[in-house]
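This briefing concerns the pockets and the unusual backbone geometry of one protein chain. Please keep the structure in view while reading the points below.

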Amino acid sequence: MSVSEHSRFITNPKTAAIVGCPFMGGQGKPGVDKGPIHLVEAGLTDQLTELGWKVKFDGHHQFESIDAASDPPIGILKNPRLVSRVCESVSKVVGGHAKAGELPVTLGGDHSLAMGTISGTLSAHPDACVIWIDAHADINTPETTDSGNIHGMPVSFLLGIGSKIPEFAWVKPLLKAERLVYIGLRDVDAGEKRILRENKIKAFSMHEVDKYGIGKVVEMALDHVNPKRALPIHLSFDVDALDPTVTPSTGTPVRGGLTFREGHYICEAIYETGLLVALDIMEVNPSLADPEGVKATVAVGCSLARAALGETLL
């Protein structure tokens with residue numbers, strides 16, 4: 001099926017806008033800011049063009065003008081001003097593309113950026129649901145975080161839970177708990193488990209993937225957040241959802257993850273709904289593996305994006 005027939009919220013000519021975010025401020029390991037350029041240099045723009053998309057890419061989204069040179073911790077939150085300002089800037093860029101009927105494909109960078117990407121999507125599609133693919137729930141609050149790394153916290157800001165920090169006042173709590181679903185969780189902090197339970201947030205851990213198979217899990221996830229298959233979908237994909245044997249070059253790898261095919265099936269199934277309005281490919285870190293591992297991880301990042309934008313096996 002051609003692209004034009006298969007995207008309910010994307011206007012013709014179908015345009016994918018690549019938003020490169022070379023950003024590492026939400027966590028402490030250098031290199032994740034190099035993920036986007038590796039994905040682009042691996043040919044992602046041409047690959048999406050070959051799938052029938054018009055691709056917009058006007059260079060990486062630059063943050064040099066964002067000044068947070070004096071950025072002491074707020075509580076234990078690290079780089080709070082930089083993370084906040086970069087995410088606000090990303091939110092405006094992603095929201096602009098979404099409002100123009102384009103599909104923003106955000107390449108990270110660390111997953112704190114989702115605070116920006118999802119805010120941008122919700123500014124254009126207030127009823128959108130979020131499908132979050134990750135080993136981690138990224139839903140710590142300023143009270144529950146042990147590390148102070150904000151890449152473990154974006155979902156709590158989007159939901160408006162936890163203490164209010166003036167620096168992040170721009171993040172509107174537009175995401176509703178019932179419009180969020182996780183797939184692939186396997187490393188969840190005690191405080192996060194409590195938050196998921198208290199807010200009745202649906203999550204499918206690797207236990208459910210093992211029990212039901214990925215096809216059934218994706219169907220159940222969609223039944224939960226998008227029962228009538230009518231709402232726009234924002235797919236936020238952290239490559240550490242996949243097993244480290246598949247994507248070794250990422251900052252917080254956890255054994256026992258999704259297989260290559262399971263990860264791609266999720267993207268293919270979301271594309272098939274015709275409801276995808278935004279995609280994040282996050283946490284590719286080219287400095288954390290040998291050259292072969294880096295190459296493999298970057299190749300998988302590109303192929304996940306292609307699957308989410310319509311590449312099929314046959």
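A pocket, as the word is used here, is an open set of grid points with protein on both sides within 12 Å along at least five of seven lines. The model is a predicted one. The largest pocket found in it has a volume of about 370 Å³, and the second largest has a volume of about 180 Å³. Beyond these pockets, the briefing covers two cis peptide bonds, one joining Asn-12 and Pro-13 and one joining Gly-108 and Gly-109, together with positive phi values at Asp-138 and Arg-229.

**Largest pocket**

- A total of 23 residues line the largest pocket.
- Nearest to the centre of this pocket lie His-136, Ser-147, His-151, Gly-152 and Thr-252.
- Sorted by class, the lining comprises 12 polar residues, 10 charged residues and one nonpolar residue.

**Second largest pocket**

- The volume of the second largest pocket is about 180 Å³, and 13 residues line this pocket.
- Phe-157, Lys-164, Ile-165, Phe-168 and Val-171 are the lining residues closest to the centre of the second largest pocket.
- In this lining, eight residues are nonpolar, three are polar and two are charged.

**Cis peptide bonds**

- The peptide bond between Asn-12 and Pro-13 is cis, with omega at about -10°.
- Pro-13 belongs to the segment before β1, a strand that spans 15-21.
- The bond between Gly-108 and Gly-109 is likewise a cis peptide bond, and its omega is about 25°.
- Gly-109 is placed in the loop between β3 (103-108) and α4 (114-124).

**Positive phi values outside glycine**

- Asp-138 is not a glycine, yet its phi is positive, near 50°.
- This aspartate sits in the loop that runs between β4 (129-133) and α5 (154-159).
- Asp-138 counts as buried because its relative accessibility is 6%, and the cut-off for buried is under 20%.
- Arg-229, also a residue other than glycine, has a positive phi near 50°.
- The position of Arg-229 is in the loop between α8 (214-225) and β7 (233-238).
- With a relative accessibility of 25%, Arg-229 is therefore classed as partly exposed, a class that lies between the 20% and 50% limits.

Conventions. Residues are numbered from 1 along each chain as its sequence is written. This is a predicted model: local features need pLDDT of at least 70, side-chain atom pairs count only at pLDDT 80 or more; totals for chains, interfaces and linings use all residues. Side-chain values use heavy atoms; hydrogens and water are left out. On a 1 Å grid over the protein atoms alone, a cavity is a set of points where a 1.4 Å probe fits but cannot get out, and a pocket is an open set with protein on both sides within 12 Å along at least five of seven lines; lining residues have an atom within 4 Å of a point. Grid points are joined across faces, edges and corners, and a volume is the space filled by probe spheres set on the points. Ala, Val, Leu, Ile, Met, Phe, Trp, Tyr, Cys and Pro count as nonpolar, Asp, Glu, Lys and Arg as charged, and the others, Gly among them, as polar. Helices (H or I, at least four residues) and strands (E, at least two) are DSSP runs, numbered from the N terminus. Buried means under 20% relative accessible area, exposed over 50%, partly exposed in between (1.4 Å probe, protein chains only).
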